[in-house]
Amino acid sequence: MALGFKVRKLVTAREYTIEELYEAIKDKQFTAGQPELAKQGMTMIIAFPPSDRNNQVWISPGQMKKAPYSKFTVTRNGAAGAGERSRTEEELVVITCEELQRLGL
């Protein structure tokens, strides 16, 4: 957990741009829902459907370098805090990362 957020690292066998990673997973089934490619500020991310206005699972580059990447971060957006919805979303972060690892990317 970092700054009140559940964070998981996803390490892939080969390097992907965020768009290539999206293409590799877009048709897969995830507990968190159907992934979408989205823009967050100046960065492209993979976002899953929000469970409410404060909670959504995101996949973002986990390296401070130019694409392609072999390390990604799976986390939830929104303000840190307690509450059942936050805990549920943090569990989805763990589940989503496990589902991604099982794909053998």
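Glutamate 23 and lysine 26 form a salt bridge. Their closest N and O atoms are 2.9 Å apart. The model is predicted, and these values are computed from it. How accessible are the two partners? Glutamate 23 has a relative accessibility of 47%, so it counts as partly exposed. Lysine 26 has 25% and also counts as partly exposed.

A search of the whole structure finds 3 salt bridges. Another of them joins the side chains of lysine 65 and glutamate 15, at 3.1 Å from N to O. This pair links distant parts of the chain, 50 residues apart. Glutamate 15 sits in strand E1, which covers residues 7-16. Lysine 65 sits in a loop. That loop lies between strand E4 (57-61) and strand E5 (69-76). Lysine 65 is partly exposed, with a relative accessible area of 36%. Glutamate 15 is partly exposed too, with a relative accessible area of 37%.

Now turn to glutamate 90 and arginine 76. They form a salt bridge as well, and its closest N and O atoms are 3.6 Å apart. Glutamate 90 belongs to helix H2 (residues 84-102), while arginine 76 belongs to strand E5. The pair therefore ties together parts that are 14 residues apart in sequence. Are these two residues buried or exposed? Both glutamate 90 and arginine 76 are buried. Buried here stands for a relative accessible area under 20%.

Strands E1 and E5 have each supplied a salt-bridge partner, glutamate 15 and arginine 76. Which sheet do these strands belong to? E1 and E5 are part of an open sheet of 5 strands. The order is E1-E5-E4-E3-E2, and the pairing is antiparallel. The edge strands are E1 and strand E2 (36-40), each of which pairs on one side only. Neighbouring strands of the sheet are turned against each other by 35° on average, direction ignored.

Look next at one pairing within this sheet. Strand E3 (residues 43-47) runs antiparallel to E4, and 2 bridges join them. Isoleucine 46 has isoleucine 59, in E4, as its bridge partner.

A helix packs on the sheet: H1, residues 18-25. Which strands does H1 touch? H1 touches E1, E2, E3, E4 and E5. The direction of H1 makes about 15° with that of E3.

Key
Residues are numbered from 1 along each chain as its sequence is written. This is a predicted model: local features need pLDDT of at least 70, side-chain atom pairs count only at pLDDT 80 or more; totals for chains, interfaces and linings use all residues. Side-chain values use heavy atoms; hydrogens and water are left out. A salt bridge is a side-chain nitrogen of Lys or Arg within 4 Å of a carboxyl oxygen of Asp or Glu. Helices (H or I, at least four residues) and strands (E, at least two) are DSSP runs, numbered from the N terminus. Buried means under 20% relative accessible area, exposed over 50%, partly exposed in between (1.4 Å probe, protein chains only). Two strands pair if DSSP finds at least two bridges between them. Axes are lines fitted to C-alpha atoms, for helices over the stretch in contact, and angles run from 0 to 180 degrees between N-to-C directions. Contact means heavy atoms within 4.5 Å.
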